[in-house]
Amino acid sequence: MEKRRQATPEDGVLTRIGQAIMLHRAGDREEARNRLSALWHEIGPQGDAFHRCTLAHYMADTQDDPRDELDWDLRALEAAEGFVTERPGGTAASVEPKVADGPGPRHPLIALRAFFPSLHLNIAADYAALDRPADARAQLRRARASVNALADGEYRQGLRDAIDRLQLRIDRAAGHTP
């Protein structure tokens, strides 16, 4: 049986993902995408789920085509769901009532659970950009449900505000006014 490796803040893969994120935020989208792509191939489809989720989550932001962005966001969600719902031995993991604020350097299970509202929000935005409002609304419902598992704080409130803004934008595009 294959053991799952525990990702840690000292993890070199997470450091390299962070370096690519810094490049993207500094405006070098193409180099960030190139580095993340190389790292994605290095990790491989059977690689650490936490790494795959984190990398795909940020890779989506470097895409120029909304369909490509959706594909990467869906990969991130798939990796997160696989990690959270299974334990070694194949049994379902228990859900803890509250998750610490925001994705970040802590146990991968907690960090992945904290990603869910953002993952669903990003997928909803992707669907909205592709003029698929029903799919966008479905993802917004999932984002709202998962944000409630987060501890109170800025991260949770920021996500709630972003969910509300996207909901308003989708409603306005459909001709609905609040």
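How far apart are the end C-alpha atoms of helix 6, and what span should its 15 residues have at 1.5 Å a residue? In this predicted model, the 15 residues of helix 6 (residues 133-147) should span 21 Å, and the end C-alpha atoms are 21 Å apart, which agrees.

**Overall architecture and confidence**

The protein holds seven helices and zero strands, and its pattern along the sequence reads α-α-α-α-α-α-α. Of its 178 residues, 40% count as buried. Among contacts between residues at least 6 apart in sequence, 62% join residues at least 24 apart.

The average pLDDT of the protein is 83, and 78% of the residues score at least 70. Residues 1-5 have a pLDDT below 50, and this stretch has 10 contacts in the model beyond near neighbours in sequence. Over residues 87-106 the pLDDT likewise stays under 50; here the model has 48 contacts beyond four places in sequence. Where pLDDT is low, the predicted coordinates should not be read in detail.

**Helices 6 and 7**

The two helices are set side by side below.

| Helix | End-to-end C-alpha distance | Expected span | Arc of buried residues |
|---|---|---|---|
| Helix 6 (residues 133-147) | 21 Å | 21 Å | 130 degrees |
| Helix 7 (residues 154-173) | 28 Å | 28 Å | 140 degrees |

In helix 6, the buried residues are Ala136, Gln139, Leu140, Ala143, Ser146 and Val147. Viewed down the helix axis, they fall within an arc of 130 degrees, so they line one face of helix 6. The face turned away from this buried side carries Ala134, Arg141 and Ala145, which are exposed.

Helix 7 contains 20 residues. Its buried residues are Arg156, Leu159, Ala162, Ile163, Leu166, Gln167 and Ile170. These cover an arc of only 140 degrees around the axis, which puts them on the same side of helix 7. Glu154, Arg165 and Arg172 are exposed on the other side of helix 7. Just after helix 7, Gly175 takes a positive phi of about 85 degrees.

**The aromatic pair**

The structure holds one aromatic pair. The ring centres of Trp40 and Trp72 are 4.9 Å apart and their planes stand at 85 degrees; since planes over 60 degrees apart count as edge-to-face, the pair is edge-to-face. It links distant parts of the chain, with Trp40 in helix 2 (residues 29-43) and Trp72 in helix 4 (residues 66-85), 32 residues apart. Both Trp40 and Trp72 are buried. In addition, the charged end of Arg75 sits over the ring of Trp72, at 4.1 Å from the ring centre.

**Glu81 and Asp131**

Helix 4 also includes Glu81, which counts as partly exposed because its relative accessibility is 28%. Not counting residues up to four places away in sequence, Glu81 touches Phe116 and Arg142. The C-alpha atoms of Glu81 and Ala49 are separated by 9.1 Å, and these two residues lie 32 apart along the chain.

Asp131 is located in the loop between helix 5 (108-129) and helix 6. With a relative accessibility of 66%, Asp131 counts as exposed. Most residues other than glycine have a negative phi. The phi of Asp131, in contrast, is near 55 degrees, a positive value in a residue other than glycine.

Technical notes
Residues are numbered from 1 along each chain as its sequence is written. This is a predicted model: local features need pLDDT of at least 70, side-chain atom pairs count only at pLDDT 80 or more; totals for chains, interfaces and linings use all residues. Side-chain values use heavy atoms; hydrogens and water are left out. Rings of Phe, Tyr and Trp (its six-membered ring) pair if their centres lie within 6.5 Å; planes under 30 degrees apart count as stacked, over 60 as edge-to-face and the rest as tilted. Helices (H or I, at least four residues) and strands (E, at least two) are DSSP runs, numbered from the N terminus. Buried means under 20% relative accessible area, exposed over 50%, partly exposed in between (1.4 Å probe, protein chains only). A charge sits over a ring if NZ of Lys or CZ of Arg is within 6 Å of the ring centre and within 35 degrees of the ring normal. pLDDT is the predictor's confidence in each residue, from 0 to 100. Contact means heavy atoms within 4.5 Å. The expected span of a helix is 1.5 Å times one less than its number of residues. The arc is that of the directions from the helix axis to the C-beta atoms.
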